[in-house]
Each structure stands twice: as C-alpha cells, then as structure tokens.
Amino acid sequence: MTERRPSGLERSPTAPSVLSNGHFASVGAEGDAAFYEHGVQVIDGDKEFNPNLSKYLSLENVTPAGFNYHLISVFGSQSTGKSTLLNNLFGTDFTVMSDQERRQTTKGIWLSKNKKQGEVGAPERMADNILVMDVEGTDGRERGEDQDFERKSALFALATSEVLIVNIWEHQVGLYQGANMGLLKTVFEVNLQLFLKDKHTSHRSLLFFVVRDFVGTTPLKNLQKTLLEDLGRLWDTISKPAGFEKASIHDYFDFQFYGLPHKSYQPVQFVEEVQKLGTRFRDGHRDLKRDALKGEFSEGGVFLPEYHRRIPADGFSHYAESIWDQIVNNKDLDLPTQQELLAQFRCDEILREVMVGFDEVIIAFEDKQAEAVRLGAPEVLGGLGVAMRGARSKCLKSFETDASRYHKGVYQRKTAELQGKVDTRLKALFLGQLSAAHKSGIRDFSDSVSALVKDGQKKGGSYDFAEIVTAQAQAATEKFEQVARSTVVDGASWSNYKQELSLYQKELAEVSARLRRDEMRRLATRVERWVQSRLGESVGIEFNALGSGRAGAGAPENGDKPTEKDFWDRIWNLFEDTVLDAERRFTDRASSFDASLDEVDVGLWRLRRKSWGVLRAKIDEEMTEGNLLLKLRENFEDKFRYDEDGVPRIWRPTDDIEGIYTRARESTLTVIPLLSRFRLDKTTAPPPLDRWVGHTPSTATSADEEDLAPIGGVDEDEGKSLEEEMTILSDSKRQELTVRFKKAADGVYVEAKRSAIGGITQVPLYFYGLLLALGWNEIWAVLRNPAYFFLLFVLAIGAYITYTLNLWGPMLKMTEAASGQALVEGKRRLREFLESSDTGRQAIAMSAGEGGSRRKEEYEMSDMQKSGPKAKDDLDDM
Ligand SMILES: Nc1nc2c(ncn2[C@@H]2O[C@H](COP(=O)(O)OP(=O)(O)OP(=O)(O)O)[C@@H](O)[C@H]2O)c(=O)[nH]1
C-alpha cells in the first residue's frame with residue numbers, strides 16, 4: 001500500500017493548501033501535528049488504507065494509552081451535518097461543506113482525536129483519548145447506487161468502534177423506507193456476520209441516534225419509540241445465520257436518542273445542546289447503578305467496557321489495516337483470528353523493541369567477556385550482576401506492560417520466547433563470569449600461597465604451610481562466592497552456583513595438594529642437602545682415619561677399640577644415624593603441612609633412597625684411585641714409621657726393618673679386600689639395604705620416582721644385585737691398586753734402610769776419650785792460668801744469668817739470624833765473584849736444575865696429601 005496524501009488536502013509541496021471549503025490551512029511536514037490539523041484520512045476515496053495512521057496516533061500521543069481510549073464513528077446520509085456535529089462535539093476540524101456548493105465533502109473515512117478538554121472539576125473517569133471517525137455519507141449522489149463502500153465502511157466501523165452515532169433528520173423519523181434505514185439494515189447484517197465467529201465474548205455496540213433539526217413538537221420519547229419499532233421490524237427482516245434465528249436486536253445493540261435543535265434557526269440552543277451532548281461523551285463510562293435506579297439511560301457517560309474492541313492503542317493501526325485488507329478483499333472477517341494475528345505481530349514488534357534496550361546494556365559485557373576469553377585472560381566483569389538483573393527485569397517488565405494487552409495465549413508464548421532469548425544470553429554471561437572467577441581465583445590462590453611461603457622462607461622459615469593454605473583457600477572461596485552472589489539473577493532458575501562452587505573447591509584442594517607436594521619436595525631437597533653435608537663430613541673423617549691406620553671417629557657399639565675390620569660397620573652406622581635424624585626432621589616439618597600419612601611415607605622413602613645415593617657417591621669419591629693409594633700409603637707409613645705408642649721410629653742398623661716392613665705392608669694389604677666390598681663385620685654380609693631403603697610405596701607416583709637413581713638389590717627390574725651394588729672396587733682395580741701400593745711401600749722401605757745406614761757415620765765414643773787424653777795439658781793450662789780462669793768464670797756467670805732470665809732462646813734466634821744473614825751475604829758475594837767467570841756460571845746452572853726437580857717432587861707429594869673436599873653444612877638452610 002503506497003503512502004498517499006489525504007485526498008482532501010491535495011496540494012503542491014510549495015503552495016499553501018486550499019481546503020475544499022475554500023479555507024487555507026496551515027500545513028507542515030507529515031511528522032508535524034499541523035499536517036494532521038483536520039485529522040487523518042484512514043481510508044481514502046479509492047478505498048486505500050493510509051499507513052500514516054500509526055504516525056498520527058503517535059503524534060496525538062494515543063499509542064501508549066493501552067485500552068484507555070474510545071472510538072466513536074458517525075454514520076448518516078451525505079451532507080446531513082455529520083462533520084458539523086463532530087466538530088462541535090469534539091472540537092475536531094473535519095471539513096464541512098460550504099453552504100453555497102452543497103456537494104459531498106467527506107471522502108472515505110477520516111479520524112481525529114477529541115480536541116475538547118474536559119470541564120474543570122469533571123469526574124475522574126473522564127475519557128481522555130476519544131477518537132472520532134467521520135464516515136463518508138451514504139446514498140450520496142457521488143457514488144450513485146454503489147452500496148459496496150457503505151457495507152465495507154460499516155463493517156470497518158463496527159469492527160473498531162464502540163459507539164455508532166447515527167445522524168438523522170427529525171423529518172426522516174418514521175420513514176421506514178428512508179435512506180437511513182438501508183444503512184441500518186447493512187449495519188445489522190454486518191454486525192451479525194462480524195461477531196458470528198466470536199460467540200464467547202459478548203460484543204455490544206451503542207447506536208446513538210442524534211435527531212437533527214429537532215423541533216420539539218413531537219417529544220423525543222415518541223420519536224424514540226417510532227425509531228425502535230422501525231428498527232425492530234428491520235431486524236426481523238434480515239436473514240440470520242443458523243443458531244441466531246431467535247437473537248434479539250438488544251443482544252447486540254444499546255440505543256440512545258438525542259435531539260439537536262436547528263443549527264441555523266436556533267443557534268444558541270444548538271450550541272447549548274451540543275455542549276451537553278459533548279459532555280456525555282467525554283464523561284467516559286456509563287454509571288450503571290444510577291441508570292438502574294432511574295430506570296433509564298439518558299444522561300451521564302455513554303461508554304461500557306463491553307463496547308470496547310480490546311485492541312491496544314499501539315496495535316490499533318496494524319489491526320485496522322489488516323481488517324480493512326480483509327474487508328476490501330471480500331474475505332470472511334474473523335475477528336478472533338485477526339486479534340491473534342495482531343497479537344503475534346505486535347508481540348514480535350514489542351519483543352524486538354525491548355531487546356534493543358537489553359542489547360544496549362548486555363552486548364558491551366558480552367564483547368568484553370569474549371575478548372578476555374580470546375586473549376586467554378578471563379576477567380571478572382565488575383557490575384555485571386547489577387546490569388544483568390536490571391536489563392532482564394526491565395526487558396520483561398516492559399514486554400509485560402506493552403504485550404500483556406494482546407491475546408493471552410500469544411502473549412504467554414511470546415513471553416516464554418523472550419525469556420528464553422534473554423536467559424540464554426544471561427546464562428552464558430553468568431557462566432563466563434563464574435569461569436573467570438574460578439580461573440582467576442585459582443591463580444590468585446596459587447600465587448598468594450607461593451608468595452607467603454617465599455616470604456616465610458626469607459624470614460627464616462618460621463611459617464606454617466598448612467595454616468597459609470587453609471587461610472588462602474578460605475579467602476579464595478569467599479571471593480568466589482562473593483562474585484557469584486553478586487552475579488546471581490533473581491528469579492532465574494539457572495542462576496545458581498552450587499555446582500560451580502563445589503568444582504572450584506575441588507580444584508582448590510587439588511592445587512593445595514600440588515603446592516603441598518612441591519613444598520614437601522623443597523623440604524626433602526633441604527633435608528637431602530643436610531644429609532649430604534653430614535655424611536660428607538663424617539664419612540670423610542672415617543676415610544681419613546683409615547689413612548692413619550688407627551681407629552676412626554665413630555666407635556663401635558660394643559665400646560671395643562675401633563679397627564679397620566669394622567670400618568664398613570661404622571660407615572653404615574653413620575648412615576643409619578644420619579638418615580634417622582633426617583627422617584625425624586622431615587617428619588616433624590611435614591606434619592605441619594597437613595600432609596597425609598601416605599604423602600609422608602613417600603617423602604621418607606624418597607629421602608632414604610636419595611641418602612643412599614649420597615653415601616654411595618661419597619664412597620666413590622673417597623675411593624678414587626689416587627685417594628685410595630694415598631690412604632693406603634699413609635696407612636702403611638703409619639704402621640711402618642711409628643711404633644705401637646705412635647712415636648716415630650729412628651732407624652738403626654740393628655733394627656728389624658724388614659720384619660716391621662713386611663708386617664706393616666701385609667697389614668695394609670688386608671685393608672684392600674676389606675675396602676673393596678661394603679660388608680658389615682658383624683654379619684659378614686652386605687648391609688640390609690633393601691630392608692632399609694625399602695620398596696616403592698604403592699602411593700608413589702611416576703613423578704616421585706622420576707629423579708631417583710636405581711639401586712641394585714632394591715630395584716629388581718634393574719638387574720643389578722645387592723652384591724654388585726656393594727662392590728666398591730672391581731677385582732682388576734684391586735690388583736692394580738695392590739701393585740701400585742707395593743711399589744710405593746717399597747720406596748718407603750728403601751728410604752728407611754738408607755737412613756739406617758746413614759746413622760753409622762756418627763762420632764764413636766772412644767773418639768771422645770782420645771780427645772780428652774790428647775788435650776789434657778791444654779785443659780790444665782786454661783784452668784791454672786788466672787786470666788783464662790777468670791774469663792771462663794765470667795762466661796759461666798754470664799751463661800747462668802742468661803739461663804735464669806730465659807734469654808737463651810732470643811739469643812740463639814739472634815745468632816741464627818745473624819749467621820743466616822752472614823750466609824746470605826756470603827753467598828751473594830760468592831755468586832758475584834763466580835758470575836765474573838764462565839766456569840762459575842755453568843756451576844750455577846747445574847745446581848738450579850737439581851733444585852728444580854726436587855721442588856717438583858716436593859710439590860707432587862704435597863698435592864697427594866691434600867685432604868678430600870669437605871661439603872658445607874647445609875643445616876643452616878633448614
Ligand atoms: N438544516 C441544518 N443544516 C445544517 C445543520 N448542521 C449543518 N448544516 C449544514 O449542512 C451542510 C452539510 O454539512 P456537513 O457538516 O458538511 O455535512 P456532512 O454530513 O458532513 O456532509 P458530507 O461530509 O458531505 O457527507 C452544511 O451546509 C451545513 O451548514 C443543522 O443542524 N441543520
């Protein structure tokens with residue numbers, strides 16, 4: 001349907017509009033109220049519907065009125081003053097025929113809103129929104145005998161209006177064949193046709209007869225009676241559909257009559273009466289109680305609820321258009337179906353409108369959430385809960401306000417559809433928010449626990465891990481609940497977070513367990529370092545003691561003097577003691593982690609295995625060939641060079657050097673097989689490593705076993721026996737070591753032998769006797785000479801004083817320093833002298849070569865004597 005300009009207002013866009021009655025009208029654009037000064041032409045002369053009807057209703061502010069509006073149509077023969085009547089009653093500006101032209105002015109159907117204000121102090125029920133329709137006059141000359149439009153417009157008016165004003169000249173009353181009777185017959189027929197399908201609702205209409213040019217000679221009551229009799233007869237003549245044969249005219253119509261004096265002859269009275277009549281229309285609803293008391297209905301408001309066609313104002317134009325479409329196309333008018341269709345159309349429209357408001361609020365959040373998910377950094381959106389609750393309730397409320405007036409079934413269906421749409425999106429947002437709260441909560445929890453643990457470690461390790469975890473888990477749960485609570489949408493069944501909360505708590509517990517495992521690992525590492533340091537030191541001492549050839553540091557349990565035989569017993573005891581101590585430390589600390597027994601068991605098992613690894617590494621370090629050869633040599637030298645009391649031996653040729661050498665060497669040689677296997681002296685078997693280190697606990701995970709080196713005799717699948725694990729030196733190594741040791745021992749023996757022979761060059765005793773005999777005379781000469789004797793006496797006294805003052809030491813040192821200085825000086829002078837000659841230079845070169853090689857030897861020896869590395873005590877770290 002094309003948009004048309006009202007035919008009564010044809011004009012060029014620029015020229016001022018000239019109305020058919022010759023008056024100028026100020027007009028504006030179609031959006032202006034001024035454009036609709038004369039109302040809106042709903043149906044034009046070509047039976048076209050004007051789509052601008054809705055625009056007009058909006059401009060007149062009728063659209064939001066809901067059911068709070070009334071629609072009145074006026075019927076009557078052409079040029080009987082219908083427009084004049086409406087304009088006077090409602091202040092409208094329908095075009096009125098000029099008295100000179102006398103031709104039809106109203107074409108099609110016009111509609112205008114009542115412009116007259118209610119009187120001051122008028123009753124509250126005063127009708128605000130009265131719409132009046134001026135219907136083209138019937139049986140006019142312009143349309144000839146074309147009854148089609150009359151029928152169609154009657155159908156249209158009846159389908160929409162509550163009151164039909166029938167305009168009739170007084171002189172026409174009683175003229176049964178008069179033009180109005182034909183019109184009324186049509187009205188009755190279409191009324192039956194219209195409401196046939198809507199038996200359940202009792203539609204009624206008010207036929208309001210306005211008798212024009214009422215003189216008053218015949219009382220209105222009589223005219224009324226005549227009219228009703230005529231109408232009754234008319235009703236009887238129309239053919240009624242099956243089932244309606246006995247229907248009375250009063251089942252469908254109420255009647256009212258009003259007489260108006262001649263407009264030109266009695267203008268004052270005309271105005272007065274019009275005024276009175278207008279008040280009745282604007283007065284709103286009829287007071288049934290008062291009418292019942294008076295026994296008649298002749299004053300007060302005219303409307304009754306059952307007259308209303310129940311089309312909400314915002315759906316009126318659409319309804320009117322489809323009704324007209326049906327009428328024009330000669331389709332059966334089915335009002336209930338039309339109302340349902342209208343409801344569907346309008347509900348969809350309202351749904352779209354309310355969704356616009358919803359989108360304005362929600363899309364921003366949806367975009368933000370999607371962006372955060374895309375970036376992989378889920379974010380808890382502030383204000384989401386408030387926005388969701390507000391948008392949802394506003395959207396449902398506005399839908400209810402606007403759509404609930406329409407067909408109930410359709411409205412309910414559409415409400416469910418809207419709720420579904422809204423809730424699907426809100427639920428996604430809600431779950432997204434919970435997911436973000438979940439992820440960020442878990443991350444924050446993990447971070448804060450780690451930070452607090454680090455803090456505690458910095459402050460000296462005085463922190464309770466379990467306490468930190470419990471407090472942080474509680475804080476994290478509270479935070480999650482707070483976010484979830486604030487995002488809950490009241491009244492939405494999906495809006496609860498029980499399941500999400502329990503999933504969150506479950507993951508918190510899992511993360512706690514992981515953090516505890518990490519913490520246990522750190523603890524285990526610290527304890528292991530401590531074990532390493534302790535074992536490194538104590539085992540080192542034992543090995544050093546082996547070099548001395550006497551007892552080690554750890555005394556055997558029975559209190560006997562420690563021997564080389566129980567070397568491995570001492571090492572094993574040290575290991576056991578250290579590990580037990582470490583286990584105690586580990587268990588004490590782990591208990592504060594709230595760790596389960598299984599977790600502690602796994603931790604202890606790992607600790608024992610690691611400790612064994614530490615011990616085995618330390619043994620391997622001590623048993624490197626160089627270290628071992630040095631130890632054996634020291635062991636041998638200790639036995640060879642020192643006697644049983646530990647006093648160094650000075651070899652004399654008479655000594656049994658060979659015997660001592662052989663015993664010492666044999667004794668040291670027995671150490672080699674002893675050292676080559678880790679065997680306990682008590683049991684003559686390897687230590688019970690498998691029992692001690694233990695088998696893998698069933699609760700240990702593959703991660704727990706990851707960094708553990710396999711242990712022979714414990715980890716069966718490694719194929720290494722306990723015997724192999726306890727073999728420290730292989731047979732070939734042993735033999736090689738024996739050979740090298742023997743060579744070293746032989747060297748020591750040769751040196752001893754040489755030093756024994758060197759002792760023979762001592763001055764023999766008889767030489768002193770000979771010296772005394774030969775120098776006897778000289779001794780006497782000194783003693784008998786007073787000068788010599790005195791000198792001797794002074795020297796004796798000086799020596800005594802020096803002794804009593806304990807000055808011998810300093811004096812000797814001074815003497816030594818002086819002689820040393822003199823020696824250095826002497827050497828320097830000698831070198832200077834020699835350098836001046838060639839032979840002297842050669843001699844210096846030779847002596848330097850010898851001295852260099854000796855220094856090299858000395859260096860190598862001192863290198864071998866260096867003690868093994870000492871591990872730092874990590875105990876401080878714990
Ligand atoms: N005798 C008489 N003439 C009237 C009365 N009211 C109006 N008229 C005249 O009747 C003529 C027609 O008036 P309209 O109001 O245009 O009549 P209408 O029924 O709207 O005419 P159409 O729209 O052409 O059908 C005008 O010349 C009016 O002056 C009245 O109460 N009595």
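# Reading a strand, a sheet and a ligand shell

Tutor: Gln-41 faces Trp-110, a residue of strand 5, across the pairing of two strands, and this, like every statement that follows, is read from a predicted model.

Student: How do you know that strand 3 and strand 5 pair, and in which sense?

Tutor: Pairing requires at least two bridges between the strands, and strand 3 (residues 40-43) and strand 5 have 3 bridges, in the antiparallel sense. The criterion is therefore met, since 3 bridges satisfy a cut-off of at least two.

Student: Which strand is joined to strand 5 by 5 bridges?

Tutor: That strand is strand 6 (residues 130-135), which runs antiparallel to strand 5, and within this pairing Ser-112 stands opposite Val-132.

Student: Why is strand 5 (residues 109-113) described as largely enclosed by the rest of the structure?

Tutor: Strand 5 is described in this way because 5 of its 5 residues are buried. The burial covers both faces, with Ile-109, Leu-111 and Lys-113 on one side, and Trp-110 and Ser-112 on the other. As a general matter, side chains in a regular strand alternate between the two faces of the sheet.

Student: What makes Lys-113 count as buried or exposed?

Tutor: A residue is buried if 20 or more other C-beta atoms lie within 10 Å of its own; Lys-113 has 22 other C-beta atoms within 10 Å, so it is buried. Lys-113 belongs to strand 5 and, leaving aside residues up to four places away in sequence, touches Glu-60, Val-62, Asn-129 and Leu-131. The C-alpha atoms of Lys-113 and Thr-92 are separated by 7.1 Å, with the two residues 21 apart along the chain.

Student: What makes Ile-650 count as exposed?

Tutor: A residue is exposed if 12 or fewer other C-beta atoms lie within 10 Å, and Ile-650 is exposed because it has 10 such atoms. Ile-650 is placed in the loop between helix 16 (625-641) and helix 17 (657-676), and from C-alpha to C-alpha it is 8.8 Å from Ala-752, although the two are 102 residues apart in sequence.

Student: Why is Lys-47 called partly exposed?

Tutor: The class of partly exposed residues lies between the limits of 12 or fewer and 20 or more neighbours, and Lys-47, with 15 other C-beta atoms within 10 Å, is therefore partly exposed. Lys-47 is in the loop between strand 3 and helix 1 (53-59), and it has a positive phi of about 65 degrees although it is not a glycine. Most residues other than glycine have a negative phi.

Student: Where is Ser-79 found, and what is its phi near?

Tutor: Ser-79 is found in the loop between strand 4 and helix 2, with a phi near 55 degrees, a positive value in a residue other than glycine. Ser-79 has 19 C-beta neighbours inside 10 Å and so counts as partly exposed.

Student: What is the order of the strands in the open sheet?

Tutor: The open sheet has 7 strands in the order 3-5-6-4-7-8-9, with mixed pairing. Strand 3 and strand 9 (253-259) are its edge strands, each of which pairs on one side only, and the twist from one strand to the next averages 25 degrees. Strand 8 (residues 205-212) and strand 9 run parallel and are joined by 7 bridges, with Val-211 standing opposite Gly-259 of strand 9. Helix 2 packs on the sheet, where it touches strand 4 (70-76), strand 6, strand 7 (163-169) and strand 8, and its direction makes about 170 degrees with that of strand 6.

Student: How do you know that the span of helix 11 is close to what is expected?

Tutor: Helix 11 (residues 408-458) has 51 residues and reaches 72 Å from its first C-alpha to its last, which is close to the 75 Å expected at 1.5 Å a residue. Helix 11 is followed by Gly-460, whose phi is positive, near 105 degrees.

Student: Which residues are the closest to the ligand?

Tutor: Of the 18 residues that surround the ligand, the closest are Gly-81, Ser-83, Thr-106, Gly-137 and Lys-263. The shell divides into 2 nonpolar, 11 polar and 5 charged residues, and its largest share, 3 residues, comes from helix 2 (residues 82-90).

Terms used:
Residues numbered from 1 in each chain as written. Predicted model: local features only at pLDDT ≥ 70, side-chain atom pairs only at ≥ 80, totals over all residues. Near = placed C-beta within 6 Å. Helix = DSSP H or I, 4+ residues; strand = E, 2+ residues; numbered from the N terminus. Nonpolar A, V, L, I, M, F, W, Y, C, P; charged D, E, K, R; others polar. Expected span 1.5 Å × (residues − 1). Axes fitted to C-alpha atoms, helices over the stretch in contact; angles between N-to-C directions. Contact = placed C-beta atoms within 7 Å.
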